[in-house]
Amino acid sequence: MPLDVYDKLMMLAKRRGFIYPSFEIYGGSAGFYDYGPLGSRLKENIENLWRKFYILKDNCIEISTPTITLYEVLKASGHVEEFTDLTVDCKKCKQSFKLEEIIKENISIEKAIKNNEITCPKCKSKLKNPYPVNLMFSTKIGIGQGRDAFLRPETAQGIFIDFHLLYRYKREKLPFGVIQIGKGYRNEVSPRQGIIRLREFSMAEAEIFFDPKDKNHSNFNSFKDKELYLYDNEKEKKYSLEKAVNDKIINNQALAYYMYLTQEFLISAGVDLKKFRFRKHAENELAHYAEECWDAELYSERFGWIECVGIADRSAYDLNSHIKKSGTDMYATRKYDKPKIVEIKKIIPKMAELGPLFKKKAGEIKIILENMEVKRLDKILVKIDGKTIEIPEKCYSIVEKKEKQTGEKFVPHVIEPSYGIDRILYCILEHNYIEKRKKDEDYRILKLNPIISPIKVGVLPLINDNRLYKIAKEIDFLLRDSGIETYYDDKGTIGRRYARMDEVGTPFCITVDHDSIEDDSVTIRYRDSAKQDRIKINEIKNILKEKIMN
RNA sequence: GCGGAUAUGAUCUAGGGGUUAUGAUAUUAGCUUCCCAAGCUAAUUGCCCGGGUUCAAAUCCCGGUAUCCGCACCA
């Protein structure tokens, strides 16, 4: 079988220090890869380019929170329920089921397994060997009776649970965006696609907090005529931001704007526009927290369209959950022009009654009651852990009073662009991998955008001559000293050295020859065209800086 | 997780129950070389892991791991 691009690329990546399989000397483990010297630089360059888009262009703030996350956080966010389920396969119907959905009521999962009482809801045959689909890695904080925790499946929760602090930091004004770049962990059932599906992976996430009544974006008008590459599950089509929002293809300005920002980022990072598109999630595809979601997909020859960025409208889901579970005030305020005097009815919980009746859940119920709008005076219903409970009348009293209100409280909505850095990195490599024949030999070039190339310039003395070495080494030091990554190489023929640089995506080479001794000039050679120019040594730095920034 | 296939230096590969495991590429050192993987000389690196059969296993058998292809799962 001939090698495909993936094979060739992964071979190159391993040989030249981009990507290595992790733990290889002990047999390796699926879903883990090391970034080698060049891979680490490339990844960091991609992340820093991303920061430019979010911190500089969009004025977001960045935070950094632990990867080990307390059980309670992920319980509140819904991840505990959503990520751990016993699953069982029916060989006849070739379908999988979540165990808790198909066993009879009143029978515990343990009992059902023990007594072999699991039946397929379709064909009624007995099912065996349930296995847990637990996508979170669990751990404990502290020894002995430690607290339960998980390695985070996304960086987003770290941002949500700091919302009240960040809202104050931003002087209580919406909208604002918070970003975090870091590792996330998912114990994938079967990671078999190299760096595309990792168990430990890097993500860059932004959470933009909005007033739900105003999901417009201040940058929208500047870009409203720009075009987005959309795909409606049938065909690809270009829409301007404005038209997409007006035609309700995209729900709001903010979502459309962040899609545009994503598109721009990916293009500057070196993604091939022909292998790029946005696809809207169908209703049944949406994650448990999402209201609307667009994926930026990148095309790979082996894997087809890969979801590399998800831009989701998470509405108020997460903040609501954390308000409810933690009792923290995570509301934002919409100020009135003039303060209002209003008569309000408020529920005052009677804890003396609530406590004995509901025990552990009483605290949570108290918070819900206090924040409840009292409309009619019939029943007070509270939804907790998915069940609706009626609160008896003796547990609360209702008071009417006048209050001066300066504004109204609301839970902000969140738009979340979430980027899989490793997937993007792979696609960039694949999109920029060029293979040619040169003198009957395979010739490989990585046409990486200079801004993300791990090495910006190769510094090469043309031939074996100490005078040339000396000049080349001075240039090499000068460039590194001014922040340009270089690679000095004086071994072998010049052609071989150019080839080596081309293969790892170095966009420029500076070659020092005998004329350099006489007139302080060198050759600059361009990777993509193999063309050369003659430039002065004292111009190198500025010329390179300019070319790298473009 | 289930079924099938595969596993030899960094890469591609030949071979194969018994002395020193093949070739190419790459890499390193030297010679040569004034602009695109040239040439010459030398050097470096290997039978996936564990167990069994055998006087002897890289080779045969079993198990594990990884990779690939289906199925399932997942984003």
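Which base atom of RNA strand B is 2.5 Å from an N or O atom in the side chain of Thr 523? In the predicted model described here, the atom in question is a base nitrogen of RNA strand B, and its partner is an N or O atom of the Thr 523 side chain, at a separation of 2.5 Å. Two further side chains approach the bases through polar atoms: Arg 525 places such an atom 3.0 Å from a base nitrogen of RNA strand B, and Gln 532 places one 2.8 Å from a base oxygen of that strand. Thr 523 and Arg 525 fall within the range of strand S27 (521-526), and Gln 532 within that of strand S28 (532-536), each of these two strands being among the elements that supply at least two residues of the surface near RNA strand B.

The surroundings of RNA strand B comprise 41 residues, of which Arg 197, Glu 307, Tyr 498, Arg 500 and His 514 come nearest. By class, the residues of this surface divide into 21 charged, eleven polar and nine nonpolar. On the side of the nucleic acid, sugar or phosphate accounts for 53% of the atoms of RNA strand B that lie within 4 Å of the protein, and the remainder belong to bases. At least two residues of the surface are also supplied by each of helix H1 (5-15), strand S23 (441-446) and helix H17 (494-503). The largest share, six residues, comes from H17.

Helix H17 also contains buried positions, namely Arg 497, Tyr 498, Met 501, Asp 502 and Glu 503. Tyr 498 therefore appears both among these buried residues, each with under 20% relative accessible area when the protein chains only are considered, and among the residues that come nearest to RNA strand B. After H17 comes Gly 505, which has a positive phi near 85°.

The loop between S27 and S28 holds Ala 530, a residue other than glycine whose phi is nevertheless positive, near 65°. Ala 530 has a relative accessible area of 41% and is classed as partly exposed because this value lies between the limits of 20% for buried and 50% for exposed residues. A positive phi, of about 55°, is likewise found at Phe 23, which is not a glycine and is placed in the loop between strand S1 (19-21) and strand S2 (33-35). A further backbone feature is the cis peptide bond that joins Leu 174 and Pro 175, with omega at about -5°; Pro 175 itself is located in the loop between helix H8 (163-169) and strand S10 (176-185).

Chain A as a whole contains 19 helices and 28 strands, and 47% of its 550 residues are buried. Among the contacts in chain A with a separation of 6 or more, 65% are between residues 24 or more positions apart.

Helix H15 (residues 421-431) packs against helix H2 (residues 37-57), the axes being 10 Å apart and the angle about 110°. H2 is thus roughly perpendicular to H15, because an angle from 65 to 115 degrees is assigned to that category. The contact brings Gly 39, Leu 42, Lys 43, Ile 46 and Glu 47 of H2 against Ile 421, Asp 422, Leu 425, Ile 428 and Leu 429 of H15, and by class it consists of six nonpolar, one polar and three charged residues.

H15 also meets H1, with axes that come within 10 Å and cross at roughly 105°, so that these two helices are likewise roughly perpendicular to each other. Val 5, Tyr 6, Leu 9 and Met 10 of H1 make this contact with Tyr 426, Leu 429 and Glu 430 of H15. Six nonpolar residues and one charged residue take part, with no polar residues. Leu 429 is listed in the contact of H15 with H2 and again in that with H1.

Thr 333, finally, is found in strand S17 (residues 332-349) and is partly exposed, with a relative accessible area of 34%. Beyond its neighbours up to four places away in sequence, Thr 333 touches Tyr 167, Gly 407, Glu 408, Lys 409 and Phe 410. The C-alpha atom of Thr 333 is separated by 8.6 Å from that of Val 411, although the two residues are 78 residues apart along the chain.

How values were computed: Residues are numbered from 1 along each chain as its sequence is written. Chains are lettered from A and ligands numbered from 1 in the order in which they are written. This is a predicted model: local features need pLDDT of at least 70, side-chain atom pairs count only at pLDDT 80 or more; totals for chains, interfaces and linings use all residues. Side-chain values use heavy atoms; hydrogens and water are left out. A residue is near a molecule or strand if one of its heavy atoms lies within 4 Å of it. A polar contact is a pair of N or O atoms within 3.5 Å; within protein, one must be able to donate a hydrogen and the other to accept it, and residues adjacent in sequence count only if both atoms are side-chain atoms. Helices (H or I, at least four residues) and strands (E, at least two) are DSSP runs, numbered from the N terminus. Ala, Val, Leu, Ile, Met, Phe, Trp, Tyr, Cys and Pro count as nonpolar, Asp, Glu, Lys and Arg as charged, and the others, Gly among them, as polar. Buried means under 20% relative accessible area, exposed over 50%, partly exposed in between (1.4 Å probe, protein chains only). Contact means heavy atoms within 4.5 Å. Axes are lines fitted to C-alpha atoms, for helices over the stretch in contact, and angles run from 0 to 180 degrees between N-to-C directions. Angles under 35 degrees count as roughly parallel, over 145 as roughly antiparallel, 65 to 115 as roughly perpendicular and the rest as oblique.
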